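Work through the exercises below with the sequence and the model open. Each task is followed by a solution in steps.

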Amino acid sequence: MSHALVVIPTYNERENIASLVARVRAAVPAASVLVVDDSSPDGTGYIAEALAADDDAVRVLHRTAKEGLGAAYLEAFGWALERGHDPIVQMDADGSHLPEQLQSLLDALAVPDAAGRPVDVVIGSRWIPGGTIENWPRHRELLSRWGSAYARTMLRLSTRDATAGYRVFRASALRAIHLDDVHTRGYGFQVDMLWHARQAGLVVVEVPITFVERVHGRSKMSPFIVVEAMVKVTGWGIADLFRRTRGADVEAHSA
Ligand SMILES: Nc1nc2c(ncn2[C@@H]2O[C@H](COP(=O)(O)OP(=O)(O)O)[C@@H](O)[C@H]2O)c(=O)[nH]1
Ligand SMILES: [Mg+2]
């Protein structure tokens, strides 16, 4: 029988990983955990191995180099689909995404959307009523809000928190997205997945979460990641506009 898998990407999260995995296992005991570690120099991968040795429901995927969050998730999604996991959850390792709220995201998968359609993807959202952030520096909040607004406008997404990293996908949704077509390796990956979800006609809903900034370790956010995401979103938006304009032309000519 298929069951839920929580994928946790790690790079230098040695102070965070053990307590987070324990919280996930306590909050939703039916869910398994896959830690995806990019050979963290701080030894996170070894700690994860020790957790896996103690608990059959915990597994570790070791990658040879730091290739970005998107690359880690794509490999993990392939791993999960091969093993029949359903649904598949994304969760940061640093404690920003509360395992105690996971059940509310999973529950939302079972409730049809406002139009009565079955839900394919659930986003844990900071920017809808009820969503909150704790201890986030003002510049990060602005970057996140601005990034979401830009992606929403350029790509005509309905999701208010387009860069959110706390997500639940049905296995069928990941298959519909054609993961081979997703090429963003940094955090723009989150927007890329929503863009593909939209093109695949998937139903995406948001539930409010409390996002708590990390206490231990450091953020891996960098200017490169921001620029990669901006350039890509702009390119997709412009290509989409051309496609739609051409489509309208063809319709006008054939009318
Ligand atoms: N495997 C892997 N995980 C990463 C990489 N970059 C970031 N992460 C993980 O992605 C999650 C979010 O990263 P974080 O630095 O907290 O980003 P922020 O919350 O946007 O500041 C954390 O669990 C990180 O350890 C990477 O290159 N490889
Ligand atoms: Mg973080």
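**Exercise 1. The lining of the largest pocket**

Which helices and strands each supply at least two residues of the lining of the largest pocket?

Solution. The model is a predicted one.
- Step 1: Take the strand. Strand S1 (5-10) meets the condition.
- Step 2: Take the helices. Helix H3 (69-82), helix H5 (138-155), helix H7 (188-199) and helix H8 (223-254) each meet the condition as well.
- Step 3: Find the main contributor. H5 gives the most to this lining, with seven residues.

**Exercise 2. Volume and make-up of the pocket**

State how much space the largest pocket holds, then describe its lining by position and by class.

Solution.
- Step 1: The space in the largest pocket is about 840 Å³.
- Step 2: The lining consists of 43 residues, and those closest to the pocket centre are Leu-69, Arg-140, Tyr-187, Met-221 and Ile-225.
- Step 3: Sorted by class, the lining has 21 nonpolar, 12 polar and 10 charged residues.

**Exercise 3. The site of ligand 1**

Where does ligand 1 sit, and which elements give two or more residues to the shell around it?

Solution.
- Step 1: Ligand 1 takes the space of the largest pocket.
- Step 2: S1 and H3 are the elements that give two or more residues to the shell around ligand 1.
- Step 3: The shell holds 18 residues, of which Glu-13, Asp-38, Lys-66, Ser-219 and Lys-220 are the closest.
- Step 4: By class, seven residues of the shell are nonpolar, three are polar and eight are charged.

**Exercise 4. Polar contacts of ligand 1**

For Thr-10, Val-36 and Lys-66, decide whether the backbone or the side chain faces ligand 1 in the polar pair, and give the distance.

Solution. A pair of N or O atoms counts as a polar contact within 3.5 Å.
- Step 1: Thr-10 uses a polar backbone atom, 3.2 Å from a nitrogen atom of ligand 1.
- Step 2: Val-36 uses a backbone N or O atom, 3.1 Å from a nitrogen atom of ligand 1.
- Step 3: Lys-66 uses a polar side-chain atom, 2.7 Å from an oxygen atom of ligand 1.
- Step 4: Ligand 1 taken alone exposes 580 Å², and the protein buries 97% of that area.

**Exercise 5. Two backbone features in loops**

Which peptide bond is cis, and which residue other than glycine has a positive phi?

Solution.
- Step 1: The bond from Asp-86 to Pro-87 is cis, with omega near 0°.
- Step 2: Pro-87 belongs to the loop between H3 and strand S4 (88-90).
- Step 3: Asn-135 has a positive phi, near 65°.
- Step 4: Asn-135 lies in the loop that joins strand S6 (132-134) and H5.

Technical notes
Residues are numbered from 1 along each chain as its sequence is written. Chains are lettered from A and ligands numbered from 1 in the order in which they are written. This is a predicted model: local features need pLDDT of at least 70, side-chain atom pairs count only at pLDDT 80 or more; totals for chains, interfaces and linings use all residues. Side-chain values use heavy atoms; hydrogens and water are left out. On a 1 Å grid over the protein atoms alone, a cavity is a set of points where a 1.4 Å probe fits but cannot get out, and a pocket is an open set with protein on both sides within 12 Å along at least five of seven lines; lining residues have an atom within 4 Å of a point. Grid points are joined across faces, edges and corners, and a volume is the space filled by probe spheres set on the points. Helices (H or I, at least four residues) and strands (E, at least two) are DSSP runs, numbered from the N terminus. Ala, Val, Leu, Ile, Met, Phe, Trp, Tyr, Cys and Pro count as nonpolar, Asp, Glu, Lys and Arg as charged, and the others, Gly among them, as polar. A residue is near a molecule or strand if one of its heavy atoms lies within 4 Å of it. A polar contact is a pair of N or O atoms within 3.5 Å; within protein, one must be able to donate a hydrogen and the other to accept it, and residues adjacent in sequence count only if both atoms are side-chain atoms. Accessible areas come from the Shrake-Rupley method with a 1.4 Å probe; for residues, only the protein chains shown count as cover. A molecule sits in a cavity or pocket if more than half of its atoms lie within 2 Å of its grid points.
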